[in-house]
Amino acid sequence: MQTIGIRDVSGDLLKRAATLGDMVGITNDRVLAGVLLPLSDSTAERLMQRNLGRIEEAIRASERETAAGELTSLDAALAEERPSQSGRRMPSRVSIRQLSGARLKQAAEASEVLVVTHANEALALLIPVTLQWTERLVERNLSRIRNSIDRGEQEITRSGLTSLDDFLRELSAEHEGLLTEDQIAEASEVLPPLLFPQDPLKRRIVGVKIITEGDRKRVVGMATDNFARPVTDPVVLPLPSLDEEQVLACVTNVVTQLGSTLAPKGKYVAGVGMQIAGHVHDDDVVATPDADWHHFALADRAQDLLGVPVILENDANALAARAQQRHDIGKDEHAAVILITECGVGAAFVDGGQVRRGSRGVAGEIGHIPVAAAQNAQCRCGRTGCLEAIATPHAIITQLREQGFSGDFGDAVEAARDLDNDLVRHAFTQAGAALGRVLATILIMSNPSTTVLYGPEALVGTERRYRSLTQPQADTDSAALPADEPPLNTAAGLFMHALAVMARARSVSTAFEDCERLFIRHTTDVDGAAAAAECLLQRLPSRLAPERRPRHGVA
């Protein structure tokens, strides 16, 4: 069970705990003062089912009173003293802001259960820890603890340890009809954190970013906590080739290294989230411009080798999850995320808080939308005229070299400061205008209220945000987001100015103005790995379905 200080309780923490099925211990002055039981959708459904009979009886009683003309006024109902059922008290509601050590002590003395709320939403039940409560808990479980110790010693002596499934079936045999096969399967998913030495507090998630483009093909991984916050230094391994077996081996080596780093600290890898550029569907790489892969079952094969849940997500979709986590995108918002990498351009579309992948995961592959300015430019996909054949750092330097420019992309960025260098300045302006044209299409088709643009600083400038697509806004929450726009004598200034002008010119009606916020962000390998971990955390419950139940531990 994870423990946190009473002042660290937040709505996001409780919602995440509900998703993961975790209880949370609340400490006051480093002493356990209460236990939070997060309320999930399944909890509400069970409460409704258990109380359905009472609700139906109350309705029938009201109907009888109505038929008999025995109606009670609201004032009389409120004034009436109702005896408590079996001495039980209705839980008191308390907001997160009202939580304090004194309030917990008061609840403990009154043997009172609290309903913790945030923004008028009930998020958890808080059970205060009292001396009597602890004594009863120990007393009730003492015989079970002794029996478990005796049983464990006998099993170790016989060198034959019992599996969880066998244990549950033995229980069912001892108490005939206690557990059905479906219940055994369900319990196998819920009980391991309680029965195995690995507990949620020691759980770590590994995020992996696979880079298959450019000259530095590599796999980057790092371990995070249950909130996708890094807890280890990244492990970076070069990809010697894009052969499927080589990529799989590199991924498993990264995870195994991180598992070895965590083990001496008593931590363990509970799952792996991966992200990669390309068409991803159902955790398979359907296609990628950089490798001759067709429905490469990367996640399933890695899961078989590692024995923990493994998921795979498209890189832009992963960053959309990251943008939601950092609150760039609101809970129920319509948003678009655009990602510019060294060689590619991708997008993700968020509708009501959910990433929309299309029927087979190809939604968001905007890098292959044809644009007139790139009609003669060769794309990695083998076609000509694609957006990413003109609007990425690789595309820009490729075109400049074809026209006689000598140097790399960094040299081109410096050359853009020369007001007389029409060749280089035109390349950055043309790239920005091409992306602006596609952005206008996005604004028309998905009508987002927020757009997040991820890209290299040389193209998009410093991190910042806007009240609209044309109005910079100082960020009051973070000094890391200056509001100044890159000047037009820089590569980023030329690119972004052309993008905004074209997006406005090609949008119709209020599509341009409807985008109320624009975030300019950079992304690193570490940020990408954290985004992959966040994707796993969002999908972890469904990944633990019985038909795909993983083994425990890391190879």
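**Why these labels? Helix packing, sheet, aromatic pairs and loops**

User: Which residues in H9 meet residues in H10?

Analyst: In this predicted model, Glu244, Glu245, Leu248, Thr252, Val255 and Thr256 are the H9 side of the contact. They meet Leu298, Arg301, Ala302, Leu305 and Leu306 in H10. Helix H9 covers residues 244–262.

User: Why are H9 and H10 called oblique to each other?

Analyst: The two helices pack at an angle of about 45 degrees. Roughly parallel needs an angle under 35 degrees, and roughly perpendicular needs 65 to 115. About 45 degrees fits neither class, so H9 and H10 are oblique. Their axes lie 10 Å apart, and H9 passes H10 in a right-handed crossing.

User: What does helix H10 touch on the sheet?

Analyst: First, the sheet itself: five strands, open, in the order E9-E8-E7-E10-E13, with mixed pairing. Strands E9 (235–238) and E13 (310–314) each have a single partner strand, so one side of each is left without a neighbour in the sheet. Neighbouring strands are turned by 20 degrees against each other on average, direction ignored. Helix H10 (residues 298–306) packs on this sheet and touches strand E7 (203–211), E10 and E13. Its direction makes about 155 degrees with that of E13. Helix H11 (residues 315–325) also packs on the sheet, touching E10 and E13, at about 100 degrees to the direction of E13.

User: How do you know that E10 and E13 pair?

Analyst: Pairing takes at least two bridges. Five bridges join strand E10 (residues 268–276) to E13, so the two strands pair, and they run parallel. Glycine 273 stands opposite isoleucine 311 in E13. Isoleucine 276 has asparagine 314 in E13 as its bridge partner.

User: What makes E13 mostly covered?

Analyst: Five of its five residues are buried. Val310, Leu312 and Asn314 point one way from E13, while Ile311 and Glu313 point the other way. In a regular strand the side chains alternate between the two faces of the sheet.

User: Why is the pair of tryptophan 293 and phenylalanine 296 called edge-to-face?

Analyst: The ring centres are 5.1 Å apart, with 70 degrees between the planes. A pair needs centres within 6.5 Å, and edge-to-face needs planes over 60 degrees apart. Both conditions hold, so the label is edge-to-face. Tryptophan 293 has a relative accessible area of 2%, so it is buried. Phenylalanine 296 also counts as buried, at 2% relative accessibility.

User: Why is the pair of phenylalanine 409 and phenylalanine 428 called tilted?

Analyst: Centre to centre it is 5.9 Å, with 50 degrees between the planes. Stacked needs under 30 degrees and edge-to-face over 60. The value of 50 degrees meets neither, so the pair is tilted. Phenylalanine 409 lies in helix H13 (residues 409–415) and phenylalanine 428 in helix H14 (residues 422–446), 19 residues apart. The cut-off for buried is under 20%. Phenylalanine 409 stands at 17%, so it is buried. Phenylalanine 428, at 0%, counts as buried as well.

User: Why does aspartate 283 count as buried?

Analyst: Its relative accessibility is 5%, under the 20% cut-off, so aspartate 283 is buried. It lies in the loop between strand E11 (279–281) and strand E12 (284–287). Its phi is near 70 degrees, a positive value in a residue other than glycine.

User: Is histidine 327 buried or exposed?

Analyst: Exposed means over 50%. Histidine 327 has a relative accessible area of 52%, so it is exposed. This histidine sits in the loop between H11 and strand E14 (335–340). Phi of histidine 327 is near 70 degrees, again positive in a residue other than glycine.

Key:
Residues are numbered from 1 along each chain as its sequence is written. This is a predicted model: local features need pLDDT of at least 70, side-chain atom pairs count only at pLDDT 80 or more; totals for chains, interfaces and linings use all residues. Side-chain values use heavy atoms; hydrogens and water are left out. Helices (H or I, at least four residues) and strands (E, at least two) are DSSP runs, numbered from the N terminus. Axes are lines fitted to C-alpha atoms, for helices over the stretch in contact, and angles run from 0 to 180 degrees between N-to-C directions. Contact means heavy atoms within 4.5 Å. Rings of Phe, Tyr and Trp (its six-membered ring) pair if their centres lie within 6.5 Å; planes under 30 degrees apart count as stacked, over 60 as edge-to-face and the rest as tilted. Buried means under 20% relative accessible area, exposed over 50%, partly exposed in between (1.4 Å probe, protein chains only). Angles under 35 degrees count as roughly parallel, over 145 as roughly antiparallel, 65 to 115 as roughly perpendicular and the rest as oblique. A crossing is left-handed if the near helix is turned anticlockwise from the far one by less than a right angle, and right-handed if clockwise.
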